[in-house]
2 protein chains.
Amino acid sequence: MSEYNGIIERYRERLPIGAGTRIVSLCEGGTPLLRLHHIPALLGKDIALYVKYEGLNPTGSFKDRGMTMAVTKAVEEGSRAILCASTGNTSASAAAYAARAGIRAFVLIPEGKIALGKLAQAVLHGALVMQIQGNFDVGMRLVKDVAVRLPVTLVNSVNPYRLEGQKTAAFEVIEALGRAPDFHCLPVGNAGNITAYWMGYREYHRHGLVEGLPRMCGFQASGAAPFVRGHPIDHPETVATAIRIGHPQSWDLALRAQAESGGWFDELSDPEILAAQRLLAEQEGIFCEPASAASLAGAMRDVQRGKIPEGSLVVCTLTGHGLKDPDIAIAQSSAPPLKIEARLAEVERVIAGEIGS
Amino acid sequence: MSEYNGIIERYRERLPIGAGTRIVSLCEGGTPLLRLHHIPALLGKDIALYVKYEGLNPTGSFKDRGMTMAVTKAVEEGSRAILCASTGNTSASAAAYAARAGIRAFVLIPEGKIALGKLAQAVLHGALVMQIQGNFDVGMRLVKDVAVRLPVTLVNSVNPYRLEGQKTAAFEVIEALGRAPDFHCLPVGNAGNITAYWMGYREYHRHGLVEGLPRMCGFQASGAAPFVRGHPIDHPETVATAIRIGHPQSWDLALRAQAESGGWFDELSDPEILAAQRLLAEQEGIFCEPASAASLAGAMRDVQRGKIPEGSLVVCTLTGHGLKDPDIAIAQSSAPPLKIEARLAEVERVIAGEIGS
């Protein structure tokens with residue numbers, strides 16, 4: 001374990017990194033692949049269900065895998081500043097890796113639609129945070145334009161190094177399982193991650209490191225489901241702010257991942273997404289952000305209706321930690337804290353009542 | 001990496017775990033040991049300074065190392081419920097591991113003095129959260145009394161399995177460095193962690209797995225510094241809520257760790273702690289909660305005044321992730337988000353002004 005130093009060192013020969021390159025890393029990757037016990041039992045289905053807990057990356061989301069690559073290459077190429085549009089996770093990661101590298105970070109975030117934790121991260125890591133009057137898609141158009149006019153490196157997933165870094169999550173899944181899953185379920189917003197996983201699976205497959213390939217299943221929030229609708233959406237809306245994106249940047253690549261793998265796109269309502277977030281926390285002890293739970297919500301529904309057959313091995317990527325968005329968790333809680341007097345009799349009465357003692 | 005399955009499987013032969021015991025794990029441990037680059041340069045001192053980033057445990061704090069042990073043993077012994085008092089991190093961890101095990105968790109937290117993220121965790125993981133009119137020390141007395149009267153297992157660090165699990169962090173430090181550090185700096189609240197690290201260091205030393213031993217340096221907040229004062233404190237106060245403890249449960253053991261190792265206890269003001277939190281985020285890209293930063297603040301001061309001599313290898317434990325307490329981060333930020341119009345000229349103007357382009 002402890003000799004692990006991040007994805008670039010671990011997968012150097014599979015990444016476009018020179019021998020002398022100075023690596024900018026926070027020891028990202030190497031995240032747990034956890035098998036779920038209680039949820040398959042609740043579903044009453046014979047299914048091997050795993051989650052890839054990407055919330056345990058340094059800044060709390062999968063973005064760090066791509067950012068270590070993007071920032072390492074930016075520094076190698078002499079850049080002194082990076083730039084991104086973000087629903088929050090990308091800006092947190094960009095800000096942290098820029099700090100680690102000793103360069104500047106500029107981030108554009110949508111006004112009033114960003115989780116508290118993510119904003120705190122970008123700000124505390126010293127990024128210049130611009131909150132625009134517009135959504136992520138508007139911000140994305142702006143940063144692409146700015147990046148061609150000023151000496152700043154764009155680190156959104158249109159930066160090819162981002163996907164190169166992110167593909168390493170597929171390598172880790174294969175190594176942990178000793179095989180490829182039958183189905184790999186992901187939340188889909190900007191669509192870079194489903195693209196990157198498919199790159200990773202195909203790469204190991206091409207080199208004979210794994211026999212099978214998973215079907216790639218992308219799940220979107222109903223209010224922000226361009227892949228399900230078949231066209232971009234101008235005014236995406238969902239409580240799952242990390243996938244509140246209507247004009248995905250990796251449109252063609254994600255469609256190809258779905259089609260080549262024999263997978264599918266589907267949508268979930270906000271209540272279905274939040275219910276899955278809560279179920280995972282209550283039944284398995286795993287806390288993810290709302291967007292992440294879209295993958296599990298989709299997998300559960302498709303297992304239940306037999307679209308994912310019994311006997312399958314299914315992996316769901318949990319893209320970000322639940323601590324990114326604590327307000328959502330508290331808002332949807334069924335049991336808020338019980339305020340009681342600090343007396344033994346009082347505490348004993350409450351607990352005894354609960355355990356029937 | 002990916003074959004890693006948590007501290008019990010990794011260090012089974014060094015833990016009181018039987019061959020047939022069902023392990024309750026969320027894949028805790030295996031956290032990064034990150035070398036700091038910019039802060040030693042700012043100090044102008046020749047020092048090898050590392051942080052052990054325990055915020056990357058599943059629930060975002062070092063508590064998970066002890067909780068996997070405490071809950072595994074509780075379940076083995078037939079317990080159906082666990083109980084703790086907590087400033088927040090222990091309750092988050094207890095709630096998550098109880099959910100993973102399929103048993104109940106009861107937690108007592110102080111009223112109005114708990115970080116938002118930690119409360120969200122305990123609640124969403126389905127614990128029964130009792131917020132008492134009193135501080136942590138009052139809660140600690142209550143749970144000790146309740147645990148002898150009801151069939152619930154106490155999982156505070158007075159539970160000996162907790163420290164057994166936590167000692168594994170010292171094993172990881174030794175393995176990552178290939179040696180013991182010269183100084184190991186920790187924030188000290190309830191004093192279980194400094195005790196556990198010293199157990200771990202001594203164990204590897206006793207078995208000839210490492211030659212040296214570090215000096216153990218414990219840092220407290222000035223308003224909650226019983227070890228510095230030499231006696232318990234009745235009304236502890238600090239912004240670093242995780243160490244807002246006046247009556248540490250591991251008093252004798254922590255004193256022994258300090259004395260045997262030739263280390264020391266010292267105190268830091270709240271502003272010093274928050275400044276270290278911010279410096280670490282801005283200069284190194286690492287986000288920890290306020291209490292965690294006490295270790296770094298103490299180490300920096302002792303390096304600067306020569307108490308920690310140049311040429312030393314120093315490890316600071318960062319006990320929890322900054323996402324645990326996003327409000328603090330935003331409150332102390334120097335540069336809040338800049339609200340701007342979503343126009344190219346506007347974004348370009350701001351960035352060009354910053355980079356002098």
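## A tour of the interface between chains A and B

Begin with chain A and chain B together: in this predicted model, the count of salt bridges between the two chains is 6. The side of chain A that touches chain B draws its largest share from helix H15 of chain A, residues 344-355, which supplies 8 residues. Taken as a whole, that side of chain A is made up of 51 nonpolar, 20 polar and 19 charged residues.

Next, show Glu348(A) and Arg149(B), which form a salt bridge whose closest N and O atoms are 2.8 Å apart. Then move to Arg100(B) and Glu284(A), another salt bridge, here with the closest N and O atoms 3.3 Å apart. This pair crosses between chains, with Arg100(B) lying in helix H4 of chain B (residues 89-101) and Glu284(A) in helix H12 of chain A (residues 270-284). If you widen the selection to all chains, the salt bridges come to 50.

Now select the whole contact, to which chain A gives 90 residues and chain B gives 90 residues. The area buried between the two chains is about 7,800 Å², and carbon and sulfur atoms give 71% of that area. Between chain A and chain B there are also 20 residue pairs in polar contact, with both residues at pLDDT 80 or more.

From here, turn to the strands and select S11 of chain A (residues 338-340) along with S5 of chain B (residues 128-132), which pair in the parallel sense over 3 bridges. Within this pairing, Leu338(A) is found opposite Met130(B) of S5(B).

For a sheet that contains strands of both chains, select S6(A), S3(A), S4(A), S5(A) and S11(B), which in that order form an open sheet of 5 strands with parallel pairing. Strand S6 of chain A (153-154) and strand S11 of chain B (338-340) stand at the edges, and because each has a single partner strand, one side of each is left without a neighbour in the sheet.

Staying in this sheet, look at S3 of chain A (residues 81-85) and S4 of chain A (residues 104-110), two parallel strands joined by 5 bridges. A useful pair to label here is Leu83(A) and its bridge partner in S4(A), Phe106(A).

Finish by adding helix H6 of chain A (residues 136-149), which lies across S3, S4, S5 (128-132) and S6 of chain A and runs at about 150° to S3(A).

Definitions and conventions
Residues numbered from 1 in each chain as written. Chains lettered and ligands numbered in written order. Predicted model: local features only at pLDDT ≥ 70, side-chain atom pairs only at ≥ 80, totals over all residues. Heavy atoms only, no water. Contact = heavy atoms within 4.5 Å. Buried area = accessible area lost by both parts, 1.4 Å probe. Salt bridge = Lys/Arg side-chain N within 4 Å of Asp/Glu carboxyl O. Polar contact = N/O pair within 3.5 Å; in protein donor to acceptor, adjacent residues only side chain to side chain. Helix = DSSP H or I, 4+ residues; strand = E, 2+ residues; numbered from the N terminus. Nonpolar A, V, L, I, M, F, W, Y, C, P; charged D, E, K, R; others polar. Pairing = 2+ DSSP bridges. Axes fitted to C-alpha atoms, helices over the stretch in contact; angles between N-to-C directions.
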